[in-house]
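Please look over the sequence and the structure shown here before reading on. The paragraphs after it explain some of the features.

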Amino acid sequence: MSKSEVFGWKLSNIITNKNYNFDREKILNVCGKNHIDDAFNVISNWDNYKSTPLIELKKLSKKLKLNNIFYKDESKRFHLKSFKALGGAYAVEKVTKGNKKITVSTATAGNHGRSVAWGAQKLNLNCKIFISEYVSEARANEMKKLGADVIRVKGNYEKSLEECIDKSKKNGWEIIQDVAWKNYETVPKLTMAGYSVMIKEISNQTDQYITHVFLQAGVGGMASGAIAGIAKYFKKIPKIIIVEPENADCVLKSIEKGSLQKINIKKESIMGGMSCGEVSLVPWKILKESVNNCTSVSDKNVAKTVAMLSKSQLSDEKIIGGECSTPGIISVIASCENLKTKKNLELNENSNVLLIGCEGDADEKLYEELLLKGVAELQNEKGY
Ligand SMILES: Cc1ncc(COP(=O)(O)O)c(C=O)c1O
């Protein structure tokens, strides 16, 4: 395999979807056309709403010999510092219609819960958030600051969700979950519709056609919400490439097999929000035929990428990008480093790549640690 020597980064895995068949109507019907229109109308009327920046990573596109790399900077999403602000808070508003008698609940890796807590606070509702033992205190505190009761559960995310469902049933709380299961699809559809607002904004922020989009996936809500936005708002359909942590590649494994596959996560990724073992049911209906390729990456270059964003090595401006903002960048770099992959993905001097910078320093402590580590790694590297 031939490769250029710019970064020396590698994908852990890449596959092509044999069942690719992008169908705008089908996608919009899964998410609900009305939800998509409504999400933008509602969210764009919230106080302090403004589009998050679409930044050109000019230094990186020059290095990789691509025409353009756009980075949607969700660190600036309200004051919540992640795209998740668009989903949970919107679902709280739609489901409760502001009825103060309703208590909302959710399980979360952090950002979704913060969005639900914020949505509940805006409407003066009680809010119960369930978190696993892996969610940092910093993230728990952010939710408490928004007035939520935060309940820590022993075990992983799945355990926190089980506990949330159990306690909510017993107490009559309204679950606002971004993950779907049997007979629980409306709320996840609302959160996805909320995420599609990012694509609506992008369609107004550039008149260049996007040729490739790299979408991070945990359970697939963000990716399928973005795809629904693409189906609705983009005139030309770009190549859609999923990126996941190598130890939590449930979308990749499911696309490879053509059916839902559950992953047993052996080691949690530093990209905590994406460390998910199972694709959510509603997103799967969209992802299975609309994704061109799936890639996975290790944690190895996460800190370095955080540092490169912060030190203006990829763009003219400094960008605050947390751990989950890095895999799209890592995947596009690694894809371009391998000339065969670059050719297969048709990444070339005419390509306009879109990356989603999902979060900023949503976990400030972890962000500082990663930044310090990344800066040290960059300094150790010769010739960078
Ligand atoms: C902070 C964060 N959490 C979670 C996710 C995963 O979203 P989902 O579980 O909807 O796929 C992402 C990005 O994919 C993210 O950036």
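What follows goes through a sheet, a second group of strands, a helix and the surroundings of the ligand.

The model is a predicted one. A good starting point is the open sheet of 4 strands, in which the strands follow the order 6-5-4-7 and pair in parallel. Strand 6 (149-152) and strand 7 (174-175) are the edges of this sheet. Each of these two has a single partner strand, so one side of each has no neighbour in the sheet. Further in, strand 4 (residues 103-108) pairs with strand 5 (residues 126-131) through 6 bridges, again in the parallel sense. One position can be used to find this pairing: Ser 105 has Lys 128 of strand 5 as its bridge partner.

The next group of strands is arranged around strand 3 (residues 68-73). Of the 6 residues in strand 3, 5 are buried, so that the strand is mostly covered. Which strands does strand 3 pair with, and in which sense? Strand 2 (residues 54-56) pairs with strand 3 in the antiparallel sense, over 3 bridges. Strand 11 (residues 352-357) runs parallel to strand 3 and is joined to it by 6 bridges. Lys 72 is a useful residue to follow here. Leu 54 stands opposite Lys 72 of strand 3, and Lys 72 also stands opposite Ile 356 in strand 11.

Helix 1 (residues 24-31) comes next. Its buried residues are Ile 27, Val 30 and Cys 31. Why do they lie on the same side of helix 1? They cover an arc of only 90° around the axis, and this puts them on one side of the helix. The general rule behind such a pattern is that an α-helix has 3.6 residues a turn, so residues three or four places apart point the same way. The buried residues of helix 1 pack against helix 2 (33-43), helix 8 (186-195), helix 10 and helix 12 (281-290). After helix 1 comes Gly 32, which has a positive phi, near 95°.

Helix 10, one of the packing partners of helix 1, also leads to the ligand. The ligand is surrounded by 17 residues, and the closest are Gly 218, Gly 221, Gly 273, Cys 324 and Cys 358. Which element gives the largest share of this shell? Helix 10 (residues 221-233) does, with 3 residues. By type, the shell consists of 8 nonpolar, 7 polar and 2 charged residues.

Technical notes
Residues numbered from 1 in each chain as written. Predicted model: local features only at pLDDT ≥ 70, side-chain atom pairs only at ≥ 80, totals over all residues. Pairing = 2+ DSSP bridges. Near = placed C-beta within 6 Å. Nonpolar A, V, L, I, M, F, W, Y, C, P; charged D, E, K, R; others polar. Buried ≥ 20, exposed ≤ 12 C-beta atoms within 10 Å, placed from the backbone. Arc of directions from axis to C-beta. Contact = placed C-beta atoms within 7 Å.
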